[in-house]
Amino acid sequence: MATDAPLLELTDVRKHYAVSGGPLGLKTVGAVRAVDGLSFSVRAGETLSIVGESGCGKTTTARLILKLEEPTAGAISFEGRRLDTLDAAGLRHFRGSVQAVFQDPWSSLNPRMTVGRIIAEPMIVQARLSRQDRQDRVAELMTQVGLRREQAELYPHQFSGGQRQRIAIARALSVDPKLIVLDEPVSALDVSIRAQILNLLKDLQDRLGLSYVMIAHHLATVRHMSHHVAVMYLGQLVEIAPGRELFRRPLHPYTQALYSAALSTHVGRPLSEPALKGEIPSPLNPPSGCRFHPRCPHALAECSASEPALVEIEPGRRVQDCSCVRRLISAAAK
């Protein structure tokens, strides 16, 4: 069950990458705004899913949360402590408390190590356990994720894609983390296996009280996992809401377009909005005003004039306050 105090909190976080040019490539000619002003929080026992098209800044956000990269501006806090102020002991605690499961189980596991060694490796770094205690813990984790303990002596190539992702999950669990960042955890798997992995993650969360930040392309992937869903477009949040409310009533035109792109769970039900057209603009030179307005089917002339703020329209729900969104909300209320 989620608590009131945020476990993870991002406040106006930005990550810009300088772009060099000129005759010798020594002059800074611009910046790629990969992440441009994110603010959200995740509570204990809660799943926040971040969705959006490729290039919107989802993976950069995950890398910032994992402290694999440092933000250009803004603050990231874990258990109330800013990551940029952690001393050696605090950083060690953070590394053990926040783990990751990556997209591709083919490349995220060392092919030269046995599965038992792969799962035990974080314990060697983080936990002071005897060799026997580590072996016992590996056997327990393998059972927990649906593998047989005798498979610990095998190598990754001897497992299917779904089994390899179970190994990656067991490795993440080995140091008893509080938060796991799931970067497209099922997109590289067969459709028949995806539901099994998502159900495993949900079961582990219920039993262990884990928090997840899940990165995904499609709303359908996270529908039954998420307590809250954040929708990103071109480095910014356009909408964040409780999962049930967002799926029941998407408000931003971009969220509606993502929702319409997912297959309906009801046979014969028509899609309510047209699929997205055009390509996502370059984050090196984003459009003025609302960044979505060149692709928005509801765009008004004033949408290109000023950048909309993310405002709270009801408890726990925020959406970009642009003219077309206000018009859609007003029309829905009638």
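## What "buried" means here

A residue counts as buried when its relative accessible area is under 20%, as exposed when that area is over 50%, and as partly exposed in between. Keep this in mind as you look around the structure above, which is a predicted model.

## Lys15 and its neighbour Thr60

Let's begin with Lys15, which you will find in strand S1, covering residues 6-21. Is Lys15 buried or exposed? Its relative accessible area is 13%, so Lys15 is buried. The side chain of Lys15 also reaches the backbone oxygen of Glu70, at 2.8 Å. Leaving out residues up to four places away in sequence, Lys15 touches Val32, Arg33, Ala34, Val35, Thr60, Leu64, Glu69, Glu70, Pro71 and Thr72.

One of those partners, Thr60, belongs to helix H1, residues 58-65. Thr60 has a relative accessible area of 15%, so Thr60 is buried. Not counting residues up to four places away in sequence, Thr60 touches Lys15, Tyr17, Ala34 and Val35. Ala34 and Val35 therefore appear in the contacts of Lys15 and in those of Thr60.## Helix H3 with helix H5

Now turn to two helices, H3 (residues 115-126) and H5 (residues 161-173). Their axes are 7 Å apart, and the helices pack at an angle of about 30°. Angles under 35 degrees count as roughly parallel, so H3 and H5 are roughly parallel to each other. H3 passes H5 in a right-handed crossing.

Which residues make the contact? On the H3 side they are Val115, Ile118, Ile119 and Pro122, and on the H5 side Ile167, Ala170 and Arg171. Sorted by character, the contact of H3 with H5 has six nonpolar residues, no polar ones and one charged.

## Helix H3 with helix H4

H3 also meets helix H4, which spans residues 131-144. Here the axes come within 9 Å and cross at roughly 115°. The crossing of H3 and H4 is right-handed.

From H3, the residues involved are Val115, Gly116, Ile119, Ala120, Met123 and Ile124. They meet Arg134, Arg137, Val138, Leu141 and Met142 in H4. The contact of H3 with H4 divides into eight nonpolar residues, one polar and two charged. If you are tracing H3 by eye, look for Val115 and Ile119: they take part in the contact with H5 and in the contact with H4.

## Two strand residues: Leu48 and Gly74

Leu48 sits in strand S3, residues 47-51. With a relative accessibility of 1%, Leu48 counts as buried. How far apart in space are Leu48 and Val222? They are 174 residues apart in sequence, and their C-alpha atoms are 9.3 Å apart. Apart from residues up to four places away in sequence, Leu48 touches Phe40, Val42, Tyr212, Val213, Met214, His228, Val229, Ala230 and Ile240.

Gly74 is part of strand S4, residues 73-78. Its relative accessible area is 36%, so Gly74 is partly exposed. Gly74 and Glu46 are 28 residues apart in sequence, and 23 Å separate them in space, C-alpha to C-alpha. Setting aside neighbours within four places in sequence, Gly74 is in contact with Thr11, Asp12, Val13 and Arg82.

## Two loop residues with positive phi

Phi is a backbone angle worth checking at two loop positions, Asp176 and Leu234. Asp176 has a phi near 55°, a positive value in a residue other than glycine. Asp176 lies in the loop between H5 and strand S7 (179-183). Its relative accessible area is 56%, so Asp176 is exposed.

Leu234 likewise has a phi near 55°, a positive value in a residue other than glycine. The loop that holds Leu234 runs between strand S9 (228-233) and strand S10 (236-242). Is Leu234 buried or exposed? At 1% relative accessibility, Leu234 counts as buried.

## Helix H9 and what covers it

Our last stop is helix H9, residues 253-261. Seven of its nine residues are buried, so H9 is largely enclosed by the rest of the structure. Those buried residues are Pro253, Tyr254, Thr255, Gln256, Ala257, Leu258 and Ser260.

What covers the buried residues of H9? The cover includes S3, S9 and S10, along with helix H7 (219-222), helix H8 (243-248) and helix H10 (323-333). You have already visited S3, the strand that holds Leu48, and also S9 and S10, the strands on either side of the loop with Leu234.

Definitions and conventions. Residues are numbered from 1 along each chain as its sequence is written. This is a predicted model: local features need pLDDT of at least 70, side-chain atom pairs count only at pLDDT 80 or more; totals for chains, interfaces and linings use all residues. Side-chain values use heavy atoms; hydrogens and water are left out. Axes are lines fitted to C-alpha atoms, for helices over the stretch in contact, and angles run from 0 to 180 degrees between N-to-C directions. Helices (H or I, at least four residues) and strands (E, at least two) are DSSP runs, numbered from the N terminus. Angles under 35 degrees count as roughly parallel, over 145 as roughly antiparallel, 65 to 115 as roughly perpendicular and the rest as oblique. A crossing is left-handed if the near helix is turned anticlockwise from the far one by less than a right angle, and right-handed if clockwise. Contact means heavy atoms within 4.5 Å. Ala, Val, Leu, Ile, Met, Phe, Trp, Tyr, Cys and Pro count as nonpolar, Asp, Glu, Lys and Arg as charged, and the others, Gly among them, as polar. Buried means under 20% relative accessible area, exposed over 50%, partly exposed in between (1.4 Å probe, protein chains only). A polar contact is a pair of N or O atoms within 3.5 Å; within protein, one must be able to donate a hydrogen and the other to accept it, and residues adjacent in sequence count only if both atoms are side-chain atoms.
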